[in-house]
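Here are some exercises to work through with the model open in your viewer. Try each task before reading its solution.

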Amino acid sequence: MSLLEELYRETILSHYKSPKNFGPLADASVSIKGDNPSCGDQLELLLKLNGGRITEVRFQGHGCAISIASASMMTELVKNKTLDQALELTRQFKAMVVDGAEPAPELGDLKALAGVSKLHARTKCATLAWNTLEEAAKEAGTS
Ligand code: ZN
């Protein structure tokens, strides 16, 4: 394993062991559940919105290291962003893990998950939180 791969692995494991923004959120504006039956990952995403901006975001549930690490890093990245900005980051993240595109600089530590694009079975683990975020944005847009 290269030094870089080891660093990425440590980033993923540290988010898995101590996920950021994990737990319930009182007075959430939107809460959406997502699951990935092929692996058994289940999570619920909770957002507090103010004028189209994500002022608070938390998640809860259980899943494999990739799904939890992806959700943890996602919540750190999209907090205080507008829904439009969050959806643009979703597009960039999916380009990286689904299409194998070079990680956009905006994705920060999430580039640790770039290798998932070569592990097709795990793509759904990495995108679960982001698909749930897209659902939440849709829900928020119609309410
Ligand atoms: Zn998984």
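**Exercise 1: the zinc site**

At 1% relative accessibility, Asp-41 counts as buried (buried is under 20% relative accessible area, exposed over 50%, partly exposed in between, with a 1.4 Å probe and protein chains only). Before we go on: this is a predicted model, where local features need pLDDT of at least 70, side-chain atom pairs count only at pLDDT 80 or more, and totals for chains, interfaces and linings use all residues. Residues are numbered from 1 along each chain as its sequence is written, and side-chain values use heavy atoms, with hydrogens and water left out.

*Task.* Find the protein donors of the zinc ion and work out what spacing they follow along the chain.

*Solution.* Start with the term: donors are N, O and S atoms within 2.8 Å of the metal (3.2 Å for Na, K and Ca), and water is not among the atoms, so sites may look incomplete.
- Step 1: Sulfur comes from the SG atoms of Cys-39, Cys-64 and Cys-125, while Asp-41 is listed twice through OD.
- Step 2: These donors lie 2.2 to 2.6 Å from the zinc ion.
- Step 3: Reading along the chain, you get C-x1-D-x22-C-x60-C.
- Step 4: Compare accessibility: Cys-39 is partly exposed at 36%, whereas Asp-41 is buried at 1%.

**Exercise 2: the sheet**

*Task.* In what order do the three strands of the open sheet come, and which are the edge strands?

*Solution.* Strands (E, at least two residues) and helices (H or I, at least four) are DSSP runs numbered from the N terminus. Two strands pair if DSSP finds at least two bridges between them.
- Step 1: β1 and β2 pair in the antiparallel sense over seven bridges, and Ile-32 has Leu-45 in β2 as its bridge partner.
- Step 2: Strand β2 (residues 41-50) also pairs with β3 in the antiparallel sense, over nine bridges; here Glu-44 is matched with Gln-60 in β3.
- Step 3: Put together, the order is β1-β2-β3, with antiparallel pairing. The edge strands are β1 and β3, each pairing on one side only.
- Step 4: From one strand to the next, the twist averages 20 degrees (axes are lines fitted to C-alpha atoms, for helices over the stretch in contact, and angles run from 0 to 180 degrees between N-to-C directions).
- Step 5: Helix α2 packs on this sheet, touching β2 and β3, and its direction makes about 165 degrees with that of β3 (contact means heavy atoms within 4.5 Å).

**Exercise 3: checking a helix**

*Task.* What span should the 14 residues of helix α2 have, and how far apart are its end C-alpha atoms?

*Solution.* The expected span is 1.5 Å times one less than the number of residues.
- Step 1: For α2 (residues 65-78), that gives 20 Å.
- Step 2: The end C-alpha atoms are 20 Å apart, which agrees.
- Step 3: Now look at its cover: 13 of the 14 residues of α2 are buried.

**Exercise 4: positive phi**

*Task.* Where do Asn-21 and Asn-80 lie, and is each one buried or partly exposed?

*Solution.* Most residues other than glycine have a negative phi.
- Step 1: Asn-21 has a positive phi, near 55 degrees. You'll find Asn-21 in the loop between α1 (3-17) and β1 (30-36), and at 18% relative accessibility Asn-21 is buried.
- Step 2: Asn-80 has a positive phi of about 70 degrees. Asn-80 sits in the loop between α2 and α3 (83-97) and is partly exposed at 47%.

**Exercise 5: aromatic pairs**

*Task.* How many aromatic pairs does a search of the whole structure find?

*Solution.* Rings of Phe, Tyr and Trp (its six-membered ring) pair if their centres lie within 6.5 Å; planes under 30 degrees apart count as stacked, over 60 as edge-to-face and the rest as tilted.
- Step 1: The search finds two.
- Step 2: Phe-22 and Phe-59 are edge-to-face, 5.1 Å centre to centre with 85 degrees between the planes. Phe-22 is in the loop between α1 and β1 and Phe-59 in strand β3 (residues 53-62), so this pair ties together parts that are 37 residues apart in sequence.
- Step 3: Phe-93 and Trp-130 have ring centres 4.5 Å apart and planes at 15 degrees, so they are stacked. Both Phe-93 and Trp-130 are buried.
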